[in-house]
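Thanks for coming, everyone, and do grab a coffee if you haven't yet. I'd like to walk you through one structure today, so let me put it up on the screen.

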Amino acid sequence: MSPKSRIALSTTLAVATLLLALLALIARTQPISSIPGLILAVGSPYLSLAAFAGLLAAVSCRRFLLALAVGAVVAVTLAIQVSWYYIERPSKILAHHDIRVLSANLRFGEADPSFVVAFAEDNADVITVSELTAEEVQRLKEAGIDKSFPYAQLVPAEGAGGIGLWSRFPIRGLSAPRHRGVLFPAARLQVPGLRFEPLVASVHIYSPVAYDSDTVDTWRGEMSSAKVQLETFARTAGPAAVIIGGDYNSTPDMRQFRDLLTNGFRDAVEQTGSGFAPTFPSNTWYPPVITIDHVLTRNASASTVRTVEVPGSDHRALLVTVKVPIDPTAS
């Protein structure tokens, strides 16, 4: 390749990656309303790597003004990602009780029940699940889930529609409110030593690309409904802790997900700075690439987050330790 052709190719690469990275930054700020916007927003963490390649290309062909522009976009993109995933922002919690939450998508009820039960027995106090079928409930019972988690709020259904939670602690079941099709089984945990009973709920938001189709409008409606329900939970709980685990089918780069983080709600990863740990898909030859499973807290603080490979599921589960104040009025 001639020097002139190499310079032209490098310049084209730098310009293309600059435009893509800029579009991704813009897509992050706007509510998702289409598949192209979805792809750009979800791809933000990876487009920063592409932009870095464009930066090297611009430098190599001595397009220094172009390199400066690409470098600025790379810096902004990396600052956003590093801030979310790697900078710890814990809430101030004094005397507290640790509640360990395992949040798992069971993939149409096909997740290995023996693994789920054995892992939860050793590591969790509360389990929130999505894609819970009646058959999977029975298999989990046969695997012994009721021995360590005798309290439950379950709404099984065929396919991906079922949802529920199990607890070591006695619970007071709340109604399972539904807003435009979003189901939130919820309960108040009766934890010894806590002044107020924490409110725990499980959630599963419909995918914006369910079954390889454009279902963005359905996803948008359910995210709006989820925001309404979170506000309801905040009013119901008052000063008590709120913990909501599940499959939000949304990454932190999607505006509607970040819009949930108001009224005191925080994402566990953003609180702990535990790092970039995608959860989906987990049943392929390549590692997970997007982070769509989350645990949100209010009047509490996540202290540790880890992902867990669950045989039979296409999501990695989340195991989150949450510091729940013994008396939040004294914190």
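Let's start with the open sheet, which in this predicted model is built from 6 strands in the order β5-β8-β9-β10-β12-β11, with mixed pairing. Which strands stand at the edges? They are β5, residues 171–173, and β11, residues 266–267; each has a single partner strand, so one side of each is left without a neighbour in the sheet. As a quick reminder, strands of a sheet pair through backbone hydrogen bonds, and they can do that parallel or antiparallel.

We get both senses here. Take β9, residues 199–204, and β10, residues 242–247: these two are parallel, with 6 bridges between them. If you want a place to look, find Val203 and then its bridge partner in β10, Gly246. Going on along the sheet, β10 also pairs with β12, this time antiparallel, again over 6 bridges. There, Ile244 has Leu296 of β12 as its bridge partner. And then β11 runs antiparallel to β12, joined to it by 2 bridges, with Arg266 standing opposite Thr297 in β12. Please keep Arg266 in mind, because we'll meet Arg266 again among the salt bridges.

Now, is β12 mostly covered or mostly open? Mostly covered: 6 of its 6 residues are buried. Asp293, Val295 and Thr297 point one way from the strand, while His294, Leu296 and Arg298 point the other way, and all are buried. So you'll find charged names as well as nonpolar ones on that list.

What lies across this sheet? Helix α8, residues 216–237, lies across β8 (186–189), β9, β10 and β12 (293–298). The angle between α8 and β9 is about 175 degrees.

Let me turn to another set of strands. Here β1, residues 96–105, pairs with two partners that I'd like to show you. With β14, residues 317–325, the pairing is antiparallel over 8 bridges, and one place to see it is His97, whose bridge partner in β14 is Val324. With β2, residues 126–130, β1 pairs in the parallel sense over 5 bridges; look for Val101 and its bridge partner Val126.

On to the charges. How many salt bridges does the structure hold? The count is 14, and I've picked a few. My favourite joins Arg28 and Asp253, whose side chains meet at 2.6 Å, N to O. This pair links distant parts of the chain, 225 residues apart: Arg28 is in helix α1 (residues 3–29), and Asp253 is in the loop between β10 and α9 (255–259). Both Arg28 and Asp253 are buried.

Next, here is our old friend from β11. Arg266 forms a salt bridge with Glu270, with the closest N and O atoms 3.1 Å apart. Glu270 has 12% relative accessibility, so Glu270 counts as buried. Arg89 comes into the picture too: Arg89, Arg266 and Glu270 are linked in a network of salt bridges.

For a pair in another setting, look at Arg107 and Glu110, a salt bridge with 3.4 Å between the closest N and O atoms. Arg107 counts as partly exposed at 26% relative accessibility, and Glu110 is partly exposed as well, at 47%.

Let's go back to the helices for a moment. Helix α2, residues 35–42, has these buried residues: Gly37, Leu38, Leu40, Ala41 and Val42. Where do they pack? They pack against α1, the helix that carries Arg28, and against α3.

That brings me to the last stop, which is a nonpolar patch on the surface. It is formed by Tyr46, Leu49, Leu78, Val82, Tyr86, Ile87, Phe276, Trp285, Tyr286 and Val289, and together they have about 1000 Å² of accessible area. Which helix gives the most to the patch? That is α4, with 3 residues. Both α3 (44–60) and α4 (64–86) supply at least two residues each. As for Val289, you'll find that residue in the loop between α10 (268–272) and β12. Val289 counts as partly exposed, because its relative accessibility is 32%.

That's my tour, and I'm happy to go back to any of these spots on the screen if you'd like to talk them through.

Conventions. Residues numbered from 1 in each chain as written. Predicted model: local features only at pLDDT ≥ 70, side-chain atom pairs only at ≥ 80, totals over all residues. Heavy atoms only, no water. Pairing = 2+ DSSP bridges. Helix = DSSP H or I, 4+ residues; strand = E, 2+ residues; numbered from the N terminus. Contact = heavy atoms within 4.5 Å. Axes fitted to C-alpha atoms, helices over the stretch in contact; angles between N-to-C directions. Patch = residues over 30% accessible without salt bridge, like charges linked within 9 Å, V, L, I, M, F, W, Y side chains within 5 Å. Areas by Shrake-Rupley, 256 points an atom, 1.4 Å probe, with all protein chains shown as cover. Salt bridge = Lys/Arg side-chain N within 4 Å of Asp/Glu carboxyl O. Buried < 20%, exposed > 50% of the residue type's maximum accessible area, 1.4 Å probe, protein only.
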